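Me: Could you take a close look at one part of this model, beginning with a single side chain and working outwards to the helices and the core? Please give the cut-off behind each term as you go.

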Amino acid sequence: MNRTLRFVLPLTMLGLIVFPHRAPAPIIYREGEGFSSGDLTDIEIKRNAEEQFKLSQRYEADGDYKRAGASYRLVVRRFPRSDIAATAQFRSGQMLEREGKLQRAFYEYQGLVEKYPKSSDFEAALQAEYNIGKAYLDGKPIDIYGVPTLPSMAKAQEMFRKIVTNAPYSPMAPLAQYGIAQALEKSGAISATVTAYQQVVDRYPASDVAPNAMYQIGYVYFQASRTTGYDQTAAVRAQEAFEDFLLRYPNSEKVSQAQDNLKILLGRKTENSYNIAKFYDKQRNYKAAYVYYNEVLQQQPDSPEAQRAKQRMDEIRSRVGENALRIGGAEGPPAQVAGNGRKLQAQADTASRPDFVGPPPPTPASTPSPPPASKVEPSTPSPTPDQSVPDQKPMRTAPGDVAPVEPTLPSQ
């Protein structure tokens, strides 16, 4: 290998010296596109920016966009602080667009956005960047070493993110953020897609694309609910998103679409409940089947499934009875209930067990004898001569009568 280089390198250098005009263009690395051949080497170099700019315009007028772009770039490289450098940067991007080199054109526009943010062409450069990103979003293949390859949603996301990052408050920012979400949606990233659409709604609620972004959140979940037959979690989120959309944007052009999707979701939900009910019905779990048949009635009472569910519910009731279908019903004998309506807990005599290791049970104290009853004289007004008062016997407290005391309940 080394011996080969000893012969090849000298011959190459000799060829460059003998045939200088046949030397290839320099190889340049550019961000996002890798290595490519440099600009033309036969562009006339002028003494100042104005003359170089006029030469570029002549190339452009003649339709020689390749030389025009190269000359505009000479203005930027040699005279970056001149008054027309920003315009030359913008025109360079336009020439590359006309050549069909969209990736290089994007980075020329990006150069203007980063280096000349006060340029009068700033908004036009952002618009041009968005158009290029949209082209890749719509399926344009990316170029690698000048060779078109497969479409890349990652390239579209990269371009849109640069717009949002460099100009988050520009008119193009909501469109760019929406483009990020669209690229993610096409790549199949559900969670990231919903987040990107939600950022459009949160950051730019007054933009024209905010209603569409909120609708798309529901639509992404709607599509996800259909991927494996029926995904209940995705279906619930889709329903919530569409309902929020209708509440927030009642005048949107997508209202009718959202309403149609909600009807489809409700129909699939009813069908799913009916299928679950039939499953439990076949398993003779009539209580669970009854619950899901009832859900069908609640969801779509006028549907054919609801009519069949109602008929089957009547059959189950007549077969097992109302008590067997009662939800949350008590099983076994009823618990004892105190006079105040609260249930009393059964207490086991654990102290009498042979394996009890706790303290011995307390010895009950002797119950004192009640004091002798005393005669209670009723407080009544003195009788009149015409009235007779019957003999009243004094009230006595029986020896076994003790005032009732509520049991002490355990602390919660």
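Reply: Leaving out residues up to four places away in sequence, Gln216 touches Tyr178, Glu185 and Tyr197, where contact means heavy atoms within 4.5 Å. The model is a predicted one, in which local features need pLDDT of at least 70 and side-chain atom pairs count only at pLDDT 80 or more, while totals for chains, interfaces and linings use all residues. Residues are numbered from 1 along each chain as its sequence is written, and side-chain values use heavy atoms, with hydrogens and water left out.

Gln216 lies in helix H10, residues 210-224 (helices are DSSP runs of H or I with at least four residues, strands are E runs of at least two, and both are numbered from the N terminus). With a relative accessible area of 12%, Gln216 is buried (under 20%, against over 50% for exposed and partly exposed in between, using a 1.4 Å probe and protein chains only).

Phe242, placed in helix H11 (residues 232-248), is also buried, with a relative accessible area of 0%. The C-alpha atom of Phe242 is separated by 8.1 Å from that of Met214, although the two residues are 28 apart along the chain. Apart from neighbours within four places in sequence, Phe242 is in contact with Tyr215, Gly218, Tyr219, Phe222, Ala258, Asn261, Leu262 and Leu265. Together with Ile132 and Phe160, Phe242 touches the most other members of the largest nonpolar core, which has 75 residues (such a core is a set of buried Ala, Val, Leu, Ile, Met, Phe, Trp, Tyr and Cys residues joined through side-chain atoms within 4.5 Å). A second, separate core of 12 residues includes Tyr286, Ala289, Tyr290 and Tyr293.

Phe160 leads on to a helix pair, since Phe160 is one of the H7 residues that meet H8. Helix H7 (residues 153-166) and helix H8 (residues 173-187) pack at about 160° with their axes 8 Å apart (axes are lines fitted to C-alpha atoms, for helices over the stretch in contact, and angles run from 0 to 180 degrees between N-to-C directions). The angle makes H7 roughly antiparallel to H8 (over 145 degrees, whereas under 35 is roughly parallel, 65 to 115 roughly perpendicular and the rest oblique). The crossing of H7 and H8 is left-handed, meaning that the near helix is turned anticlockwise from the far one by less than a right angle, with clockwise being right-handed. On the H8 side, the partners include Ala176, Ile180 and Leu184. By class, this contact of H7 with H8 has 10 nonpolar, 3 polar and 2 charged residues (Ala, Val, Leu, Ile, Met, Phe, Trp, Tyr, Cys and Pro are nonpolar, Asp, Glu, Lys and Arg charged, and the others, Gly among them, polar).

Earlier in the chain, helix H2 (residues 49-61) and H3 pack at about 165° with axes 7 Å apart, so that H2 is roughly antiparallel to H3, and H2 passes H3 in a left-handed crossing. Among the residues that meet there are Phe53 and Leu55 in H2 and Ala68 and Tyr72 in H3. For the protein as a whole, the model has 15 helices and 4 strands, and of its 412 residues 34% count as buried.
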